[in-house]
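Student: I would like to go through this entry with you. Let us test each label against its definition.

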Number of protein chains: 2
Amino acid sequence: MPHHLIRKLEQFTELSGSDKRALKSAASTQRRFGARTDIISEGDAPLHVNLILEGWACRYKQLNDGRRQIISLFVPGDMCDEHVDALREMDHSVATLSPVNVAEIARPMLSQMIEEHPRIRKALCWNVLVTAAIQREWTVSLGQRTATERLGHLLCELFVRLRGIGLTQGNSYALPLTQGELGEVLGLSNVHTNRTVQELRRTGLIVLKGKYLEIPNLAALQAASLFNPNYLHLDHEGRDFDAPESELS
Amino acid sequence: MPHHLIRKLEQFTELSGSDKRALKSAASTQRRFGARTDIISEGDAPLHVNLILEGWACRYKQLNDGRRQIISLFVPGDMCDEHVDALREMDHSVATLSPVNVAEIARPMLSQMIEEHPRIRKALCWNVLVTAAIQREWTVSLGQRTATERLGHLLCELFVRLRGIGLTQGNSYALPLTQGELGEVLGLSNVHTNRTVQELRRTGLIVLKGKYLEIPNLAALQAASLFNPNYLHLDHEGRDFDAPESELS
DNA sequence: CGCATTTTTGATCAAGTTCAATATCAGTGG
DNA sequence: CCACTGATATTGAACTTGATCAAAAATGCG
């Protein structure tokens, strides 16, 4: 069930009952992957669209000499490469981090849904734009922010994204990444990532135990990380397209 | 005249005479900007789509404390934010680097063109995907590549992009960026950017005089920078949609 | 309990920043 | 054509951030 996708899209615009049923039926073909497994590999021809139902995944690219950069993080409700069918082959890989449940959505199915449900089309379009904005923000982080700001910024972003789909508990959330993987996101070595985690711990900005993160004072962490959530465009920006009362069921 | 855009799109699929005329008429409203001027500023509501006809521009983001990161480079034929009308306000700014000529394309005009010219729609879709792939590659560069590799990689990318639109002369092209601006792209200080330029000069991989760059041995620079052009998807990937012979005029 | 992975620590090293000064260049006005 | 000016490029030296290497401690899991 694409609960998280529905929840995510509803941050933009309220969907009708019919919209939601369409999303549910589109996500009916499911598949399970273990942790640290490629879902799609660089060089593959893109087939269906993968919608993450449960678990975390990432986009990554590996350089010839082995260095690896994680380019994006996917959490439940995220879709991997919704439009790459226009391209012949993947220029990057997608892999799971934790065990993952994906829905494999056939492209014609997706096209048909978009055709028949203009509200979904708009919401997915918004989603694509926000995904691009996140990528840009990561560019800024890697280019300008210090290690501490970078880590703090990422943890703020994930908090906001996860809260939007109901995967936070109070000021906490499950973060199923090792410090090594966090380093691959942040462009830092695992050793320095560890020291950066400790720095944020020492200043009381985060409590990270095992795979569980708590942010005691979000505003403080945001300020320390120069985090401005505007790029996530969460202010119900598609409210003009909300489904009418009568169609909500 | 959107020569460069047409040339760029034709790397993907051959356009018909009618396609090209549509693009030309869409790009009829022109505007000129001096160097280092904002075309759109963060916080603005996006209006029309800006198509760069001549000159170079960039997307950038400025942090509260003044640090600036250039997020993308726009060269002739590039469009800024073709789909952001779904968002309420810009989360970044777009500014010129050199003096720039832009065509301001009204959104309804763009929608209509896409509606009436499926080949243009496909080509623009490819263009959006390649733009996203470039952004991802920059993430990899900033996260994993050394200063030298980063600079080399950027110069290779620009060479390939510019060659695609006919803006290279042999193995050279005009590069209207200061070293300071180059640094803002690469996430390096101007001082270190200068030293990195000198390093590439010393090893004979580039000849950079003023605003003019020569790459004596592209393959060598590519190898030194771990540059793989696959992410630019230039292999005429849309050949299946080429306009028929009869419609080329 | 035992093994593999992950986290943590210490020490050394390299890459890149900062600050400050100098040199070069392009354009401007005379 | 030349001197003047502001921006850009270049150099040197000291400093900081983060990487690397290696080992130890903690954790998780079968």
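Tutor: This is a predicted model; local features need pLDDT of at least 70, side-chain atom pairs count only at pLDDT 80 or more, and totals for chains, interfaces and linings use all residues. Residues are numbered from 1 along each chain as its sequence is written, with chains lettered from A and ligands numbered from 1 in the order in which they are written.

Student: Why is A:Asp81 called partly exposed?

Tutor: Buried takes 20 or more other C-beta atoms within 10 Å of a residue's own, exposed 12 or fewer, and partly exposed is in between, with C-beta atoms placed from the backbone. A:Asp81 has 19, so it is partly exposed. B:Asp81 also counts as partly exposed, with 19 C-beta neighbours inside 10 Å.

Student: What is notable about the phi of A:Asp81?

Tutor: Phi of A:Asp81 is near 55°, a positive value in a residue other than glycine. A:Asp81 lies in the loop between β6 (79-80) and β7 (93-96) of chain A. Helices (H or I, at least four residues) and strands (E, at least two) are DSSP runs, numbered from the N terminus.

Student: What makes α6(A) mostly covered?

Tutor: Six of its eight residues are buried. Among them are A:Leu182, A:Val185 and A:Leu186. The cover includes β5 (68-74), α5 (147-164) and α7 of chain A; contact means C-beta atoms, placed from the backbone, within 7 Å. A:Gly187 follows α6(A), with a positive phi near 70°.

Student: Which residues are closest to DNA strand C?

Tutor: A:Thr178, A:Gln179, B:Ala147, B:Val191 and B:His192 are the closest of the 15 that surround DNA strand C. α6 (179-186) and α7 (190-202) of chain A, and α7 (190-202) of chain B, each give two or more residues to the surface near the strand. Near means a C-beta atom, placed from the backbone, within 6 Å. α7(A) gives the most, five residues.

Student: How do you know which strands of the β9-β11-β10 sheet in chain B are at the edges?

Tutor: The sheet is open and its pairing antiparallel. Two strands pair if DSSP finds at least two bridges between them. β9 (172-174) and β10 (207-209) of chain B each have a single partner strand, so one side of each is left without a neighbour in the sheet. The twist averages 15° from one strand to the next.

Student: What makes β10(B) and β11(B) a pair?

Tutor: β10(B) and β11 (residues 212-214) of chain B share three bridges, in the antiparallel sense. B:Lys209 stands opposite B:Tyr212 in β11(B).

Definitions and conventions: Two residues are in contact if their C-beta atoms, placed from the backbone, lie within 7 Å. Axes are lines fitted to C-alpha atoms, for helices over the stretch in contact, and angles run from 0 to 180 degrees between N-to-C directions.
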